[in-house]
Amino acid sequence: MIAPLDRIESPSRLAVARHPRLIHDGPERPRVSEQLVSLIAPDSFAADQYRALRHTVDRLRKESGFQVFGVTSPGPGDGKTVTTLNLAGALAQSEDARVLVIDADLRRPSVSKYLGLGPLRSPGLADAIQNPEYDLARIVRRLDGFNLSVLPAGAPQISPYELLNSPRLESLLKEARRDYDCVLIDTPPSVPMPDCRLIERWVDGFLIVVAAHKTPRKLLVEALNLLDPAKVLGVVFNGDDRPMSSYYGYYGDYYSASGTDANRHGGWWRRFWSRRHPSVK
Ligand SMILES: Nc1ncnc2c1ncn2[C@@H]1O[C@H](COP(=O)(O)OP(=O)(O)OP(=O)(O)O)[C@@H](O)[C@H]1O
Ligand SMILES: [Mg+2]
């Protein structure tokens, strides 16, 4: 059983630029978005917030043996991709870490864009699902300067639903478990799209990104009801700008909810909602 603390993290007061530029960081590094603070400004305060999230993920890995994490959110634009890549960057700061990011948002892929991998046509997840000749090792792209490996979305020839429903996805993720310590899967929003319900069979759990002051509370409840409760690891408040004092106070109360049946959305979630968190409308 995972302690409730493991289910919630907040890159509090995250101060990443809202209109990001691409930054060229030397010849061997791609032009990554300046919002990827864990990659381009690892010593910044914002990067520290992602290190806190990394700490939680590290604990889940050590204590529960979890390896494959989906990142989703109730609706579009909540910050899934920025969170996935910053968390990956934080995990990759450990020199011997083997971290893979998979772009499983086959509808609106953006991992390559944020990483500045450009329009270069290279095979990705969709191609690997469609063509068993592509094994993972052959198509994963290595970002050496950042100690990161990335599987872009690729080019779907059939509907994303059919692709993600394919048993081939399971074998690719088995390869990923064999070759990497930690795999982060960026996904489409979970309420309007069915994709996460297909992906959830193969992940150890989901981190649910909630955009502070934006994601409607009802939508988050709907998202939680759509996923297998046992696969919901926690909520990441993206862009939360509350002062640190209330941040820690919030966690203090949250700790006290431990021991509830977290697998039912009843115990700690109810407690969570009853707190009327100011960031979720
Ligand atoms: N912490 C943050 N601070 C400021 N801007 C942010 C933050 N996180 C994300 N954004 C911005 O919000 C927008 C959406 O972010 P992102 O692409 O990560 O969302 P998403 O949930 O992956 O979207 P989609 O549903 O389209 O895949 C982008 O313009 C991004 O730059
Ligand atoms: Mg995205």
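In the predicted model, Leu100 of strand S5 has Ser149 as its bridge partner in strand S7. This bridge belongs to a parallel pairing between S5 and S7 (residues 148–151), which extends over four bridges. S5 also pairs with strand S8 (residues 182–186), again in the parallel sense, over five bridges. Within that second pairing, Val101 of S5 is matched with Leu184 of S8.

Strand S5 itself spans residues 99–103 and is mostly covered, with five of its five residues buried. In a regular strand, side chains alternate between the two faces of the sheet. In S5, Val99, Val101 and Asp103 lie on one side, whereas Leu100 and Ile102 lie on the other. Both faces are covered, and the residues of either side are all buried. Leu100, the partner of Ser149, and Val101, the partner of Leu184, thus belong to opposite sides of the strand.

The surroundings of ligand 1 were examined next. The ligand is surrounded by 15 residues, of which the closest are Gln35, Lys80, Thr81, Val82 and Tyr114. Helix H3 (residues 80–92) contributes three residues, the largest share of this shell. Oxygen atoms of the ligand take part in several polar contacts. One such contact places a ligand oxygen 2.3 Å from an N or O atom in the side chain of Gln35. Polar backbone atoms are also involved: a ligand oxygen is 2.9 Å from such an atom of Gly77, and a distance of 2.9 Å likewise separates a ligand oxygen from a polar backbone atom of Val82. Taken alone, ligand 1 exposes 630 Å², and 83% of that area is buried by the protein.

Tyr114, listed among the closest residues to ligand 1, also takes part in a contact between a charge and a ring. The charged end of Lys113 sits over the ring of Tyr114, at 5.0 Å from the ring centre. By contrast, a search of the whole structure returned zero aromatic pairs.

Positive phi angles were found at two non-glycine positions described here, Asn147 and His213. Asn147 has a phi of about 55° and lies in the loop between strand S6 (141–143) and S7. Its relative accessible area is 15%, so Asn147 is classed as buried. His213, with a phi of about 65°, occupies the loop between strand S9 (205–211) and helix H10 (217–226). His213 counts as partly exposed because its relative accessibility is 35%.

How values were computed. Residues are numbered from 1 along each chain as its sequence is written. Chains are lettered from A and ligands numbered from 1 in the order in which they are written. This is a predicted model: local features need pLDDT of at least 70, side-chain atom pairs count only at pLDDT 80 or more; totals for chains, interfaces and linings use all residues. Side-chain values use heavy atoms; hydrogens and water are left out. Buried means under 20% relative accessible area, exposed over 50%, partly exposed in between (1.4 Å probe, protein chains only). Helices (H or I, at least four residues) and strands (E, at least two) are DSSP runs, numbered from the N terminus. Two strands pair if DSSP finds at least two bridges between them. Rings of Phe, Tyr and Trp (its six-membered ring) pair if their centres lie within 6.5 Å; planes under 30 degrees apart count as stacked, over 60 as edge-to-face and the rest as tilted. A charge sits over a ring if NZ of Lys or CZ of Arg is within 6 Å of the ring centre and within 35 degrees of the ring normal. A residue is near a molecule or strand if one of its heavy atoms lies within 4 Å of it. A polar contact is a pair of N or O atoms within 3.5 Å; within protein, one must be able to donate a hydrogen and the other to accept it, and residues adjacent in sequence count only if both atoms are side-chain atoms. Accessible areas come from the Shrake-Rupley method with a 1.4 Å probe; for residues, only the protein chains shown count as cover.
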